[in-house]
Amino acid sequence: MTPFTQQVVEIIKGIPEGYVMTYGQIAAQAGSPRGARQVVRILHSLSAKYDLPWHRVVNAKGEIALQDEESRYMQKLYLENEGVEINNKGVVDLESARYVPS
């Protein structure tokens, strides 16, 4: 596993319940500000193996970016169960729900 991938995995594991981070935010935190797409690939390929809270990652607009209808529904359900408010367009208010690691 590359150092970037390891960093991404650790950052995602560290997102607390009830909060979200964006793909770009995670990439920047891991040392690659332009690596948002790499974060997507890491989530896709390693979420199950490392039990990552994949549902806590949204796009830069706060949108649930998954295309698969069932996955979108599950992400929305998981976030709402954690107390994250999502509007009827599937958008999280990043002002209140964004996690910023110290």
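# A walk through a predicted structure

The largest pocket has a volume of about 360 Å³. The structure shown above is a predicted model, and this pocket is a convenient place to enter it. Thirteen is the number to keep in mind here: 13 residues line the pocket, and those that lie nearest its centre are Y23, L43, H44, W54 and L66. What kinds of residues make up this lining, nonpolar, polar or charged? The lining divides into 8 nonpolar and 5 polar residues, with no charged ones. Helix 3, which runs over residues 36-50, and helix 4, residues 69-81, each contribute at least two residues to the lining. Helix 3 gives the largest share, 5 residues.

From the pocket we turn to helix 1, which spans residues 3-13. Its buried residues are F4, T5, V8, V9, I11 and I12. These buried residues lie on the same side of helix 1, because they cover an arc of only 165 degrees around the axis. What does this set of residues pack against? The partners are strand 1 (21-22), helix 2 (23-29), helix 3 and strand 2 (57-58).

Several of these names return in the largest nonpolar core, which has 17 residues. The members that touch the most other members are F4, V8, I12, I26, V39 and V57. Helix 1, helix 2 and helix 3 each supply at least two residues of this core, and the largest share, 5 residues, comes from helix 1.

Two members of this core can be followed through their contacts. Setting aside neighbours within four places in sequence, I12 is in contact with I26, L43, L52, P53 and V57. One of these, L43, is also among the residues nearest the centre of the largest pocket. The other member to follow is V39, which lies in helix 3. Is V39 buried or exposed? With a relative accessible area of 0%, V39 is buried, since a residue counts as buried when this value is under 20%. Again leaving out neighbours within four places in sequence, V39 is in contact with F4, V8, Y23, I26 and A27. Y23 has already appeared, as one of the residues nearest the centre of the largest pocket. V39 and I26 are 13 residues apart in sequence, and their C-alpha atoms are 7.3 Å apart in space.

There is also a second, separate core of 9 residues, which includes V20, I64, L79 and A97. L79 has its place in helix 4, one of the helices that supply the lining of the largest pocket. L79 counts as buried because its relative accessibility is 0%. Which residues does L79 touch, when those up to four places away in sequence are not counted? They are V20, H55, R56, V84, I86 and V92. V20 and L79 are 59 residues apart along the chain, while 8.6 Å separates their C-alpha atoms.

The loops provide examples of exposed residues. D51 lies in the loop between helix 3 and strand 2. D51 is exposed, because its relative accessible area of 68% is over the 50% cut-off. The backbone of D51 also deserves a look. Most residues other than glycine have a negative phi. The phi of D51, however, is near 50 degrees, a positive value in a residue that is not glycine.

R34 is found in another part of the chain, in the loop between helix 2 and helix 3. R34 has a relative accessible area of 82% and is therefore exposed. R34 and D68 are 34 residues apart along the chain, and their C-alpha atoms are separated by 25 Å.

Terms used
Residues are numbered from 1 along each chain as its sequence is written. This is a predicted model: local features need pLDDT of at least 70, side-chain atom pairs count only at pLDDT 80 or more; totals for chains, interfaces and linings use all residues. Side-chain values use heavy atoms; hydrogens and water are left out. On a 1 Å grid over the protein atoms alone, a cavity is a set of points where a 1.4 Å probe fits but cannot get out, and a pocket is an open set with protein on both sides within 12 Å along at least five of seven lines; lining residues have an atom within 4 Å of a point. Grid points are joined across faces, edges and corners, and a volume is the space filled by probe spheres set on the points. Helices (H or I, at least four residues) and strands (E, at least two) are DSSP runs, numbered from the N terminus. Ala, Val, Leu, Ile, Met, Phe, Trp, Tyr, Cys and Pro count as nonpolar, Asp, Glu, Lys and Arg as charged, and the others, Gly among them, as polar. Buried means under 20% relative accessible area, exposed over 50%, partly exposed in between (1.4 Å probe, protein chains only). The arc is that of the directions from the helix axis to the C-beta atoms. Contact means heavy atoms within 4.5 Å. A nonpolar core is a set of buried Ala, Val, Leu, Ile, Met, Phe, Trp, Tyr and Cys residues joined through side-chain atoms within 4.5 Å.
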